[in-house]
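Please walk through this model with an eye to how its strands, helices and charged side chains are arranged.

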Amino acid sequence: MANVRVRQAAQYVGLSKSNLDKMRCWGTGPAYVKLGNSVIYRTEDLDAWLVANRRSANDNGSAAGEARAAA
């Protein structure tokens, strides 16, 4: 298990630091730990978040797309 800071985490998942910061504020990003003023991500949590947010190439986020993905 590796722990990474925000910049490293953003690079790991392929997002900008700003985007990852916003997702954290909105509650839509990966799990994190807050230690004082520092935000720490576990690479295991980043991997789990990537898997949970995986979409097929033709999925447009519609209910029909989600039903096809579940089938």
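The paragraphs below take up the sheet, then the helices, and then the contacts between side chains.

The coordinates come from a predicted model, and every value that follows is computed from it. A good place to begin is the open sheet, which is built from three strands in the order β1-β3-β2 with antiparallel pairing. In this arrangement β1, residues 3-5, and β2, residues 33-35, stand at the edges, and each has a single partner strand, so that one side of each is left without a neighbour in the sheet. On average, and with direction ignored, neighbouring strands of this sheet are turned by 40° against each other.

The pairing can be followed strand by strand. Three bridges hold β1 in antiparallel pairing with β3, the strand made of residues 38-42. Within that pairing, Val-4 has Tyr-41 of β3 as its bridge partner, while Arg-5 stands opposite Ile-40 in β3. On the other flank, β2 and β3 run antiparallel and are likewise joined by three bridges, and here Val-33 has Ile-40 of β3 as its bridge partner. Ile-40 is thus found opposite Arg-5 and is also the bridge partner of Val-33. The connection between β2 and β3 is a hairpin with two residues between the strands, and Gly-36, which lies in the turn, has a positive phi of about 65°.

Tyr-41 also takes part in an aromatic contact. How many aromatic pairs does a search of the whole structure find? The search finds one. The pair consists of Tyr-32 and Tyr-41, whose ring centres are 6.1 Å apart and whose planes meet at 55°, so the pair is tilted. The two residues can be set side by side in terms of accessibility: Tyr-41 is buried, with a relative accessible area of 0%, whereas Tyr-32 is partly exposed, with a relative accessible area of 38%.

The helices come next. Helix α1, residues 6-13, lies across β1 and β3 and runs at about 105° to β1. Helix α2 spans residues 17-26, and its buried residues are Leu-20, Asp-21, Met-23 and Arg-24. Why do these residues fall on the same side of α2? They cover an arc of only 165° around the axis, and this puts them on the same side of the helix. What covers the buried residues of α2 includes α1, β3 and α3, the last of these being residues 43-52. The face of α2 turned away from its buried side carries the exposed residues Cys-25 and Trp-26. Directly after α2 comes Gly-27, whose phi is positive, near 80°.

Helix α3 can be approached through Thr-43, which has its place in that helix. Thr-43 counts as buried, at 15% relative accessibility. If residues up to four places away in sequence are not counted, Thr-43 touches Ala-2, Val-4 and Tyr-12. Of these, Val-4 has already appeared as the bridge partner of Tyr-41 in β3.

The charged side chains complete the picture. Side chains of opposite charge can pair when their charged atoms come close. A search of the whole structure finds four salt bridges. One of them joins the side chains of Asp-21 and Lys-17, at 2.7 Å from N to O; these two residues are four residues apart in helix α2, and are therefore separated by about one helical turn. Another salt bridge is formed by Arg-24 with Asp-21, the closest N and O atoms being 3.0 Å apart, and this pair, too, lies within α2, three residues apart, about one turn of the helix. Lys-17, Asp-21 and Arg-24 are in this way linked in a network of salt bridges.

The members of this network can also be described by their accessibility. Asp-21 is buried, with a relative accessible area of 16%, and Arg-24 counts as buried at 19%, since the term applies under 20% relative accessible area. Lys-17, by contrast, is partly exposed, with a relative accessible area of 31%. Elsewhere, Asp-45 forms a salt bridge with Arg-42, and their closest N and O atoms are 3.1 Å apart. Arg-42 counts as partly exposed, at 30% relative accessibility.

Conventions:
Residues are numbered from 1 along each chain as its sequence is written. This is a predicted model: local features need pLDDT of at least 70, side-chain atom pairs count only at pLDDT 80 or more; totals for chains, interfaces and linings use all residues. Side-chain values use heavy atoms; hydrogens and water are left out. Two strands pair if DSSP finds at least two bridges between them. Axes are lines fitted to C-alpha atoms, for helices over the stretch in contact, and angles run from 0 to 180 degrees between N-to-C directions. Contact means heavy atoms within 4.5 Å. Buried means under 20% relative accessible area, exposed over 50%, partly exposed in between (1.4 Å probe, protein chains only). The arc is that of the directions from the helix axis to the C-beta atoms. Rings of Phe, Tyr and Trp (its six-membered ring) pair if their centres lie within 6.5 Å; planes under 30 degrees apart count as stacked, over 60 as edge-to-face and the rest as tilted.
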